[in-house]
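Biologist: Please take me through the helix packing of this model, one step at a time.

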Amino acid sequence: MDNLWTIIWDDTLLTGVKELDKLHEAIAGNANKIYAICINPGTKEEEIIKLAGFLKQQLMIHFDLEVDFYKKNKLLCYERHVFLHQEFKDELKKLDKLNMPIIVKALMTNQIALFYLKNHLIEEDKKCIKELKNKEV
Ligand SMILES: [Fe+2]
């Protein structure tokens, strides 16, 4: 199942750094779960909201852990990454202030997570990991 609301977790999304891959995969799993429970006729709104809240927390923690990892490894991509992650954090924080149904905010959280995985991970995270691997050689 891959559409605007889900992501198929496969090898193209792996960075090769186990701790980051584990976190990315968990984020993908929860983003997919939000969609899965949305299309379940018996779904309770609270269930979706609770999971979106968890996903948001998970993303926030991940953004910090990932830049710490790049910093620890003294990668040049670190500063750009801090900036890019801050943009994602700001987007997530902005959701709290928007005047719209909480269920829509939950789906927007899913969208931010998927955008992160489908775009940022492929274009930015992989560049950093390439830099790390080049350093190790
Ligand atoms: Fe990143």
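**Helix packing and core**

Modeller: In this predicted model, the axes of helix α3 (residues 78-97) and α4 come within 11 Å and cross at roughly 175 degrees.

Biologist: How is α3 oriented relative to α4: roughly parallel or roughly antiparallel?

Modeller: The axes of α3 and α4 cross at roughly 175 degrees. Angles over 145 degrees count as roughly antiparallel. The orientation of α3 relative to α4 is therefore roughly antiparallel.

Biologist: Which residues of α4 does α3 meet?

Modeller: On the α3 side, the contacts involve His81, Leu84, Phe88, Glu91, Leu92 and Leu95. Their partners in α4 are Lys105, Met108, Thr109, Ile112, Tyr116, His120, Glu124 and Cys128.

Biologist: Within what arc do the buried residues of α1 fall?

Modeller: The buried residues of α1 are Leu20, His24, Ile27, Ala28, Ala31, Asn32 and Ile34. Seen down the axis of α1, they line one face of the helix, because they fall within an arc of 145 degrees.

Biologist: Which helices are included in what covers the buried residues of α1?

Modeller: Lys18, Glu19 and Lys22 are exposed, on the other side of α1. The cover over the buried residues includes α2 (45-72) and α4 (102-136).

Biologist: Which helix supplies the largest share of the largest nonpolar core?

Modeller: The largest nonpolar core has 22 residues, and Ile27, Ala31, Ile34, Ala52, Leu55, Leu59 and Ala113 have the most contacts inside it. At least two residues of this core come from each of α1, α2 and α4. The largest share, 8 residues, is supplied by α2.

Definitions and conventions
Residues are numbered from 1 along each chain as its sequence is written. This is a predicted model: local features need pLDDT of at least 70, side-chain atom pairs count only at pLDDT 80 or more; totals for chains, interfaces and linings use all residues. A residue is buried if 20 or more other C-beta atoms lie within 10 Å of its own, exposed if 12 or fewer, and partly exposed in between; C-beta atoms are placed from the backbone. Helices (H or I, at least four residues) and strands (E, at least two) are DSSP runs, numbered from the N terminus. The arc is that of the directions from the helix axis to the C-beta atoms. Two residues are in contact if their C-beta atoms, placed from the backbone, lie within 7 Å. A nonpolar core is a set of buried Ala, Val, Leu, Ile, Met, Phe, Trp, Tyr and Cys residues joined through C-beta atoms within 7 Å. Axes are lines fitted to C-alpha atoms, for helices over the stretch in contact, and angles run from 0 to 180 degrees between N-to-C directions. Angles under 35 degrees count as roughly parallel, over 145 as roughly antiparallel, 65 to 115 as roughly perpendicular and the rest as oblique.
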